[in-house]
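Visitor: I am new to this structure and should like to know how its descriptions are justified. May I put some questions to you as we look at it?

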Amino acid sequence: MEIKGYRKRIIDALLDEYLATFGAVSVEGPKWCGKTWTSRFHAQSEFLLSDPKGNFNNRRLALTSPSLVLEGAYPRLIDEWQEVPTLWDAVRNHVDSLPQKGQFILTGSASIHRSSYIHSGTGRIAHLRMRPMSLYESGDSTGVISLHDICEGKAPDRMTGEVSLLTLAQLLIRGGWPSSLGLSENQSRLIAQEYIKSILTEDIYKTDDVKRDAHKVELLLRSLARNESTTATMKTLVKDISEKDYADVSVDSIADYLNLFSRLYLIENIPPYSNRLRSSLRVKQSEKHHFVDPSLPCAILSLTKEKLIDDLEYFGFLFESLVERDLLTYADSFSAKVYHYQDYENNEIDAILELQDGSWCGFEIKLGANEIEEGARNLVRINQDLLAKGGKGARSLCVICGLSNASYRREDGVYVVPITALKD
């Protein structure tokens with residue numbers, strides 16, 4: 001469908017490829033990240049479950065006659081299908097009966113329990129993850145350096161221009177929500193705050209039939225915000241809530257709330273790289289906590305750019321969150337996977353990209369240019385240590401930074417690239 005002013009997304013090429021391969025594609029991700037807008041761009045007709053026309057007649061029609069919902073030009077968009085879960089089976093059956101590629105695009109901002117539908121859709125309905133905009137998609141990265149080129153060891157040296165700490169703080173607070181582009185800092189903060197408010201007042205109740213304590217959910221959100229970009233355990237989160245908020249939340253409740261946040265695509269934790277390095281080193285198995293966008297912890301903790309600049313340590317954690325949000329999107333474009341590395345000898349690598357051939361690339365994330373040397377030495381040291389212990393060496397090493405004015409390859413082979421120059 002023709003959409004005036006549509007801003008291209010990295011997922012566009014992937015969606016085209018998936019539509020040419022599968023009968024239907026499910027585009028999944030958090031609310032307000034642009035799923036419907038992008039899916040409409042690729043669709044020839046649409047059915048919107050949340051359309052208020054006719055007193056929300058579309059939802060009633062889907063409940064009573066799912067087959068009518070499927071009638072229309074292909075690809076046909078069915079937006080927020082989880083409002084009527086039986087539509088999943090209807091699409092699956094339709095794709096089975098008509099072996100044609102690219103029939104449907106389904107969008108959803110909450111995953112539902114498997115018991116709500118009969119068939120998984122394996123082989124018929126493919127899944128694509130969408131996130132808030134990366135800096136390249138929002139126009140805040142020049143994109144002169146390709147992540148794929150870094151992984152292939154062929155990224156050029158380029159001057160990239162000065163970036164201020166104030167600019168980076170503004171990007172954290174604004175986040176990657178399409179509706180925030182061009183707004184003031186206060187307006188952007190309101191959008192992220194409303195997102196959290198909608199989670200607490202609506203989504204925790206309507207996602208399933210479980211009754212939850214909104215106050216305790218909010219306490220966990222605050223704790224996760226304080227522990228952004230860390231590997232805090234559930235016991236650590238319980239202790240943090242007890243010490244900072246003077247409240248008691250059980251481990252079982254936290255486990256339930258975290259599962260809910262995952263189903264709402266509110267969090268996207270980074271898994272450990274495990275023993276894929278084939279080294280004798282014992283690797284820790286904790287996930288690294290991440291909100292799907294750094295604007296959310298900023299909103300939860302009522303942060304302004306001035307508060308961020310006054311707390312550069314926490315600024316660094318949020319900057320890491322922003323970089324890893326972008327890495328996840330860029331890596332998807334060439335089918336790479338993002339992990340983090342942490343072993344019991346206190347070796348840590350902020351992000352590891354595993355390529356399709358099984359090779360890996362290591363990335364340290366540093367806010368200031370004065371930290372580049374430390375990050376590069378850490379990467380080289382750990383890579384050499386892994387090789388010495390029988391592990392698999394890195395294909396490429398890179399420091400992604402906030403305040404460098406150039407992208408280049410050091411004498412030790414480590415790349416340095418500003419996040420505001422990076423693309424897929």
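Visitor: In which loop is R131 found?

Guide: The model before us is a predicted one. In it, R131 is placed in the loop that runs between β5 (125–129) and α6 (135–138).

Visitor: Why is R131 called buried?

Guide: The relative accessibility of R131 is 6%. Buried means under 20% relative accessible area, so R131 with its 6% counts as buried.

Visitor: What makes the pairing of R131 with E268 a polar contact?

Guide: The side chains of R131 and E268 approach to 2.8 Å, and a polar contact requires a pair of N or O atoms within 3.5 Å. The side chain of R131 also has a polar contact of 2.9 Å with that of D332. Both E268 and D332 appear among the residues in contact with R131 beyond four places in sequence, a list that further includes R9, C33, R325, L328 and T329.

Visitor: How do you know that α10 and α11 are roughly perpendicular?

Guide: The axes of α10 (residues 214–226) and α11 (residues 234–245) cross at roughly 105° and come within 9 Å. Angles of 65 to 115 degrees count as roughly perpendicular, and therefore α10 is described as roughly perpendicular to α11. On the side of α10, the contact is made by L219, L220, R222, S223, L224 and R226, and on the side of α11 by L237, D240, I241, K244 and D245. These residues divide into five nonpolar, one polar and five charged.

Visitor: How many disulfides does the structure hold?

Guide: The structure holds zero disulfides.

Visitor: Why does C361 not form a disulfide with C151?

Guide: The closest cysteine sulfur to that of C361 belongs to C151, at 3.7 Å. A disulfide needs two cysteine sulfur atoms within 2.5 Å, so the sulfur in C151 is too far from that of C361 for a bond. C361 itself is buried, because its relative accessible area is 0%.

Visitor: Why is C298 without a disulfide partner?

Guide: From the sulfur of C298, the closest cysteine sulfur is in C33, 19 Å away, which is too far for a bond. C298 has a relative accessibility of 2% and therefore counts as buried.

Visitor: What kind of peptide bond joins Y74 and P75?

Guide: Y74 and P75 are joined by a cis peptide bond, with omega about -10°. P75 is located in the loop between α4 (66–69) and β3 (76–79).

Visitor: Why is W32 called partly exposed?

Guide: Partly exposed residues fall between the 20% limit for buried and the 50% limit for exposed. W32 has 37% relative accessibility, so W32 counts as partly exposed. The residue belongs to the loop between β1 (24–28) and α2 (35–42). W32 also has a positive phi of about 70°, although it is not a glycine.

Visitor: What makes S302 partly exposed?

Guide: The relative accessible area of S302 is 40%, so S302 is partly exposed. S302 lies in the loop between α13 (295–300) and α14 (305–310), and its phi is positive at about 55° although S302 is not a glycine.

Visitor: How far apart are D157 and Y408, in sequence and in space?

Guide: D157 and Y408 are 251 residues apart in sequence, while their C-alpha atoms are 4.3 Å apart in space. D157 is in the loop between α7 (147–152) and β7 (158–159). Beyond four places in sequence, D157 touches S407, Y408 and R409, and its side chain reaches the backbone nitrogen of R409 at 3.1 Å.

Visitor: Is H340 buried or exposed, and how do you know?

Guide: H340 is buried, because its relative accessible area is 3%. H340 lies in strand β8 (residues 337–342). The side chain of H340 reaches the backbone oxygen of S286 at 2.7 Å.

Visitor: Why is H42 called buried?

Guide: The relative accessible area of H42 is 10%, so H42 is buried. H42 is found in helix α2 and touches, beyond four places in sequence, D12, L15, D16, L19, P75 and I105. With D16, the side chain of H42 makes a side-chain polar contact of 2.9 Å.

How values were computed: Residues are numbered from 1 along each chain as its sequence is written. This is a predicted model: local features need pLDDT of at least 70, side-chain atom pairs count only at pLDDT 80 or more; totals for chains, interfaces and linings use all residues. Side-chain values use heavy atoms; hydrogens and water are left out. Helices (H or I, at least four residues) and strands (E, at least two) are DSSP runs, numbered from the N terminus. Buried means under 20% relative accessible area, exposed over 50%, partly exposed in between (1.4 Å probe, protein chains only). A polar contact is a pair of N or O atoms within 3.5 Å; within protein, one must be able to donate a hydrogen and the other to accept it, and residues adjacent in sequence count only if both atoms are side-chain atoms. Contact means heavy atoms within 4.5 Å. Axes are lines fitted to C-alpha atoms, for helices over the stretch in contact, and angles run from 0 to 180 degrees between N-to-C directions. Angles under 35 degrees count as roughly parallel, over 145 as roughly antiparallel, 65 to 115 as roughly perpendicular and the rest as oblique. Ala, Val, Leu, Ile, Met, Phe, Trp, Tyr, Cys and Pro count as nonpolar, Asp, Glu, Lys and Arg as charged, and the others, Gly among them, as polar.
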